[in-house]
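Here are a few exercises to work through with the model open beside you. Try each task before you read its solution.

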Amino acid sequence: MNVIDVLRYAFSAIKLRKLRAALTTLGVIIGIMAIVALLAISQGLQTTISDQLNQGLSANSLIVIPSIDDSDNEGGGFGVSFGGVDSSGFRLYVNQTSEVESLSPNITSALAIIQRSGRIVSESENLNRSITIYGVDYATYSQTYSSFEAEYGTVPFNPRNDTIVVGSRVSDPRSNGTQFVFPGDDVALLWLNATVLPPVYENYTARVSGVLGTVGGFSIGVGPSDTGVYIPLSTAQSFFDTDSCDMMIVTLTNSDNATITEVSDLIKDYYGGQVAVISPEAIQSVLTSVFSTIQLFLVGIAAISLLVAGISIMNIMIVSLIERTREIGILKALGMKSRTVLMIFLAESVIIGLMGAIMGILGGWGLANVTAMVLASGILGGGGNFTITPMLSPTVVFGALIFGVGVSVIFALYPAWRASKLKPVDALRHE
Amino acid sequence: MSTIVEAIDLRKTYMLGKIPVEALRGINLKVDSGDFISILGPSGSGKSTLLNLIGALDKPTSGTLRVGGVNVGRLNDNRLSEVRLKIGFVFQFFNLIPRLTAKANVELAMSISNMSVAERSRRAAGLLNVVGLKDRMHHKPAELSGGQQQRVAIARALANKPKFLLLDEPTGNVDSKTALEVMSLIHKLNKENGVSIIMVTHDQKLAREARRTVHMVDGEIESDMVN
């Protein structure tokens, strides 16, 4: 009996019990749908986050921060010592940038960033917001990050001491087009100096030179941020009364792995291993591995429903086998081989698995899009600005097909085997 | 004339719970090609067991059974199905597949032997014509009378050009008028088409219509005579 005949025969058997087949298929649909929807959403989310991170990171730049551990640290200090002062007393100094630049011909520039929490106040504009103040060299910073560009006003390469550039949401906190700050406005900048007792608010009056365009994404304190206020590096040094900086951004001539490794090692050696050098790729790979774990976990949970579907397939097949014992006897009496009987039963499970997988993939894709729409609409809170574009990779589609059909077939193996092993003489006697 | 079935000291013992039941106790039988024999006996005489063995549906406990020259007692499951393919079995309860039409039932048997689709269709129509069901070939078994179903079963049994037909009480489940029709069809197949017939029955009158009658009692052949 050839494959087409086997499939046709299996299909005629399924058609006879439509409701039962539909319910069995539904089990597979739900399982596959859950897996596909979860993967589509989480992969969409991963892409959203990694895109937003990329906006704040430049591929050919390295982040240098003090390491929290004095022993050789491979970037473990990331995040913890961000913007803070290392307990060991080790610091990066602003005047080290030129020496760092001269470490390798592959280094284009080294940029020091001083970062403090502060407030921006303008009585005339009724503005009083907490912000992050960044002291940067405007020229180098705009070369490193193309998003450091004014939408209103200008970003001067040779700023006056009182010049500031503000992020879009500093000027337009509600993102509704109502601008609080315009180029030429005078505002007061404040920060709480806790190095003296009692702590005092230091302040100075600054003049807004430019308002940045919306950058979006998550601010991790490296690239331009919508809630950042940028002041010249020298002003920051005197305002915050410090020679040290919180991080250095080292821009490279290229983003080859070899260059990144070479320069990273040179910088670590220069600082005697007391710094962590983080490449954007390293951050991306951490993100990817975190998401892989989350996805594995989600798919694992969803797979349980598919397991339940598999058991129901097995159950139905055993019932079907008992009902069709006589039919199997007839087929065998007509000369059908045991192997063919096995194939017929497996073909039924393949048909159910395939239909379930296809409908499950379509349903899962639909569910993912509905979920994304619900998230974007803000019905569940979150301001409605959280956009995820669900993603369905060919791997997921292919995997879901294989998984759906695979589970059906595996759970049909035992009933199919039992059917094939029936003795014709006994099967024919079955009422 | 060649021998199509040959049994030598054929025995079959069943286990009924823990009690062995000797269904066949040393059967010696030879059937030649073109023959028409009926196996007659009361229920429990072992005639159906013998038929199942000849039909390769079951294996003998001991003794030799050659079907078409092949010793079926030594064959594995797979080879037994190949033997079955060349035997036309007709059952008392028709055993048609209910969801398939008469034609599809006949074609199913041919699909098992990998006959081409076109050949199947042509041959199934031809066979149903021979058994007089040309007009009913697209009906499902439930839409056919008992006699018509039995004729579909006979057409199906002939599907793969079998060496012989095995009939198990072919008229046991139809009325007497239909029984006559079925019997005349069997006679016709034997005489005109040269199909060998082995028929099991407990009806003396029917048995006498065969060329040869084998009488079985308690798992043994009591008499074997030409009518």
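**Exercise 1. Find which residue ranges make up each domain of chain A, then give the separation of the domain centres.**

Step 1: domain 1 of chain A takes in 3-54 + 285-429, and domain 2 covers 91-273. These bounds come from an automatic or database domain assignment.
Step 2: taken over C-alpha atoms, the two domain centres lie 53 Å apart.

Before going on, note that this is a predicted model, where local features need pLDDT of at least 70, side-chain atom pairs count only at pLDDT 80 or more, and totals for chains, interfaces and linings use all residues. Residues are numbered from 1 along each chain as written, chains are lettered from A and ligands numbered from 1 in written order, and side-chain values use heavy atoms, with hydrogens and water left out.

**Exercise 2. Describe how α10(A) packs on α11(A).**

Step 1: two packed helices are described by the angle between their axes and the distance between the axes.
Step 2: α10 (residues 338-377) and α11 (residues 394-420) of chain A have axes that come within 7 Å and cross at roughly 150°. Axes are lines fitted to C-alpha atoms, for helices over the stretch in contact, with angles from 0 to 180 degrees between N-to-C directions; helices are DSSP runs (H or I, at least four residues), numbered from the N terminus.
Step 3: α10(A) is therefore roughly antiparallel to α11(A) (angles over 145 degrees).
Step 4: sort the contact residues (heavy atoms within 4.5 Å) and you get 19 nonpolar, 6 polar and no charged. Here Ala, Val, Leu, Ile, Met, Phe, Trp, Tyr, Cys and Pro count as nonpolar, Asp, Glu, Lys and Arg as charged, and the others, Gly among them, as polar.

**Exercise 3. Do the same for α1(A) against α10(A).**

Step 1: α1 (residues 3-16) of chain A packs on α10(A) at about 60°, with the axes 8 Å apart.
Step 2: the contact includes A:Phe11 and A:Ile14 of α1(A), and A:Met343 and A:Glu348 of α10(A).
Step 3: the contact residues split into 12 nonpolar, 1 polar and 1 charged.

**Exercise 4. How much area do chain B and chain A bury between them, and which residues of chain B supply 29% of its share?**

Step 1: the chains bury about 2200 Å², 55% of it on carbon and sulfur atoms. Buried area is the accessible area (1.4 Å probe) that two parts lose on being put together, summed over both.
Step 2: B:Leu57, B:Arg99 and B:Ile112 supply 29% of the area that chain B buries against chain A, more than any other three residues.
Step 3: the contact takes 24 residues from chain B and 25 from chain A.

Conventions
Helix = DSSP H or I, 4+ residues; strand = E, 2+ residues; numbered from the N terminus. Parallel < 35°, antiparallel > 145°, perpendicular 65-115°, else oblique.
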